[in-house]
Amino acid sequence: MVSDIDAAIEKAEDAGADVLVTTFPDPIGKDAVIQWRGGVNMQLYWHTVQPSYPAFLTIPENRIYVSSGRADAFARSFLAFSGGRVISDDTHAPGVEIGRSNETYRRIRIESVFGKMTVFVTDGHLPYPYGRELTGYEVQDLQGTLRKANASGAATLVKPYASDGRQEAIVRFPGGYIAEIHADSRN
């Protein structure tokens, strides 16, 4: 969400983004779709009507997959646009996080006013369901959340595993939506 859609689009273009879908109205504001270097699409939106829902308890994490040849360009342009900062850039992250447990890969974690983002720098050879989950959700109780999800018809595609101070799992909800769910294991 942005406070001025026209200014945000201009700033994104200045940072190297391409406008794929120009500004269009939605029921409570305006939207546009941009594409960052590396082929990452992002929808920008601006509310002219204040939404009425409670604040999130935790901030969802955008999960972005890019090639090694475009990762630095993507990160530079997104950081220039968002004013964010790199939290970590691990060039030897454990491959279990992308379904390749005997390997390592590069993982970049970014935080900005747009929230949290994890950038997975890979060669694109990802076993199912990796690369299909575009959002990660932090919960307090991973096992309890998985029980509730499974009771409502969701399927656990990747059973919980530990990595980078987290317990993580990947779930497919009815209708096909796939998401990563994690809990901080450092507490």
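1. Phe-81 is buried, at 4% relative accessibility. Phe-78 is buried too, with a relative accessible area of 1%. Both values come from a predicted model. The cut-off for buried is under 20%.

2. Phe-78 and Phe-81 both sit in helix α2, three residues apart, so about one helical turn separates them. Their ring centres lie 6.5 Å apart, and the planes meet at 55 degrees. Why is the pair tilted? Stacked needs planes under 30 degrees apart and edge-to-face needs over 60; an angle of 55 degrees therefore makes this pair tilted.

3. The ring contacts extend further. Trp-36, Phe-74, Phe-78, Phe-81 and Phe-114 are linked by ring pairs into a cluster. The count of aromatic pairs comes to ten.

4. Next, the nonpolar packing. The largest nonpolar core holds 24 residues. Trp-36, Leu-44, Phe-74, Phe-78, Phe-81, Met-117 and Val-119 have the most contacts inside this core. Two or more residues come from each of α1 (5-14), β2 (29-36), β3, β4, α2, β6 and β7. A second, separate core has eleven residues, including Tyr-65, Ala-93, Phe-120 and Leu-126. In soluble globular proteins, nonpolar side chains tend to be buried together.

5. What does Leu-44 touch, leaving aside residues up to four places away in sequence? Its contacts are Val-2, Ile-5, Ala-8, Ile-9, Lys-30, Asp-31, Ala-32, Ile-34 and Phe-81.

6. Now the sheet. Eight strands form an open sheet with mixed pairing, in the order β5-β6-β7-β4-β8-β11-β10-β9. Its edge strands are β5 (85-94) and β9 (155-163), each paired on one side only. Neighbouring strands are turned by 25 degrees against each other on average, direction ignored.

7. Helix α2 (residues 71-82) packs on this sheet. The helix touches β4 (61-67), β5, β6 (104-112) and β7 (115-122). Its direction makes about 10 degrees with that of β6.

8. Which way do β8 and β11 pair? Strand β8 (residues 135-138) and strand β11 (residues 178-184) run in the parallel sense, over three bridges. One bridge joins Tyr-137 to Ile-181 in β11.

9. On confidence: the protein chain has a mean pLDDT of 94, and 99% of its residues reach 70 or more. Where is confidence lowest, and where highest? The lowest is in strand β3 (residues 40-47), at a mean of 93, and the highest is in β5, at 98. Strand β3 is also among the elements giving two or more residues to the largest core.

Key: Residues numbered from 1 in each chain as written. Predicted model: local features only at pLDDT ≥ 70, side-chain atom pairs only at ≥ 80, totals over all residues. Heavy atoms only, no water. Pairing = 2+ DSSP bridges. Helix = DSSP H or I, 4+ residues; strand = E, 2+ residues; numbered from the N terminus. Axes fitted to C-alpha atoms, helices over the stretch in contact; angles between N-to-C directions. Contact = heavy atoms within 4.5 Å. pLDDT = per-residue confidence, 0-100. Phe/Tyr/Trp six-rings, centres within 6.5 Å; stacked < 30°, edge-to-face > 60°. Buried < 20%, exposed > 50% of the residue type's maximum accessible area, 1.4 Å probe, protein only. Core = buried A, V, L, I, M, F, W, Y, C linked by side-chain atoms within 4.5 Å.
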